[in-house]
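Thanks for taking a look at this one with me. Below are a few points that may help you find your way around.

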Amino acid sequence: MNQTPRAPAPLTTLGGRSVLFVMAADAEYGPHLRERFVPFMTGVGPVEAAVELTAALAELAARGQRPDLVVSLGSAGSRELEQTEVYQATSVAYRDMDASPLGFQKGVTPFLDLPDILPLPLRIPGIPEASLSTGANIVSGAAYVAIAADMVDMESYACLRACTRFGVPLVVLRGISDGKAELNHVDDWTEYLHVIDERLAAAVDRLGEALGEGLLPG
């Protein structure tokens, strides 16, 4: 199957640094974010995020344009966190990986020297913090019981693995779009995305201030 070649991933200068903003779906890219940057859209899920972001970073590196920072942002689900609030992820886990029948801890990829939870060390002052779980499934209702993390998404772990491959730090910002009630339709996810758009934009502004003040060394 032939595919039309993608344009190079768009880079944004923020706080004097080169930033690649990464998102999964157009529905999350509202008018407030549109005023601030053009994102690289990966598509939904860990496979699409891993494939597309790896390819984008490889091309940028080949051009001598490797970004100083990748920022993954969009929506997330949570049964406990405040709906429509924006959180920065402090860690991310891969809930799909389960090789426990072979003696590996759940969440650990066999023969890869990584723990089941990977830290995200960068912090933006003034933005609440939460742990994150990534997987290919939509989490709803009772399914939250099996997840130890504060919030869930479908791309961030894949983004982190791609960034690690190219030595680029990652910041993850997520607005809580759902989780208090069962999901029955796509509208249950999109209902508050306009509020999250505005709050994510404010978080991006804070990120710009933090970068200008030395969030990243060197």
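1. Let's start with helix α5, in what is a predicted model. Its buried residues are Leu193, Ile196, Asp197, Leu200, Ala201, Ala203, Val204, Leu207, Gly208, Ala210 and Leu211. Many of these names sit three or four places apart, and the general rule helps here: an α-helix has 3.6 residues a turn, so residues three or four places apart point the same way.

2. How far does α5 reach? The helix covers residues 193-212, 20 residues in total, and runs 28 Å from its first C-alpha to its last, close to the 28 Å expected at 1.5 Å a residue. After α5 comes Gly214, with a positive phi near 100 degrees.

3. Do look at Ile124, in the loop between β6 (117-119) and β7. Ile124 is buried, its relative accessible area being 1%. Setting aside residues up to four places away in sequence, Ile124 touches Gln88, Val171, Leu173, Arg206, Leu207 and Ala210. Ile124 and Leu215 are also worth a glance: 91 residues separate them in sequence, while their C-alpha atoms are 7.7 Å apart in space.

4. Now for the largest nonpolar core, which has 31 residues; Leu20, Leu53, Leu57, Val70, Met151 and Leu170 touch the most other members. Two or more residues come from each of β2 (17-23), α2 (46-62), β4 (69-77), β5 (86-94), β7 (129-134), α3 (156-166) and β9 (170-178). The biggest giver is α3, with seven residues. As general background, nonpolar side chains tend to be buried together in soluble globular proteins.

5. Leu57 makes a handy starting point for exploring that core. Beyond its neighbours within four places in sequence, Leu57 is in contact with Leu20, Pro67, Val70, Ala162, Cys163 and Phe166. Another core lies apart from the largest one, with 28 residues that include Val71, Leu122, Leu200 and Ala201.

6. Strand β4 is mostly covered, with nine of its nine residues buried. β4 pairs with β2 in the parallel sense, over four bridges, and Val71 in β4 is the bridge partner of Phe21.

7. Why do Cys159 and Cys163 not form a disulfide? Their sulfurs are 6.5 Å apart, too far for a bond, because a disulfide needs the two sulfur atoms within 2.5 Å. By that rule the count is zero disulfides. Both cysteines are covered all the same: Cys159 is buried at 1% relative accessible area, and Cys163 is buried at 0%.

Key
Residues are numbered from 1 along each chain as its sequence is written. This is a predicted model: local features need pLDDT of at least 70, side-chain atom pairs count only at pLDDT 80 or more; totals for chains, interfaces and linings use all residues. Side-chain values use heavy atoms; hydrogens and water are left out. A nonpolar core is a set of buried Ala, Val, Leu, Ile, Met, Phe, Trp, Tyr and Cys residues joined through side-chain atoms within 4.5 Å. Buried means under 20% relative accessible area, exposed over 50%, partly exposed in between (1.4 Å probe, protein chains only). Contact means heavy atoms within 4.5 Å. The expected span of a helix is 1.5 Å times one less than its number of residues. Two strands pair if DSSP finds at least two bridges between them.
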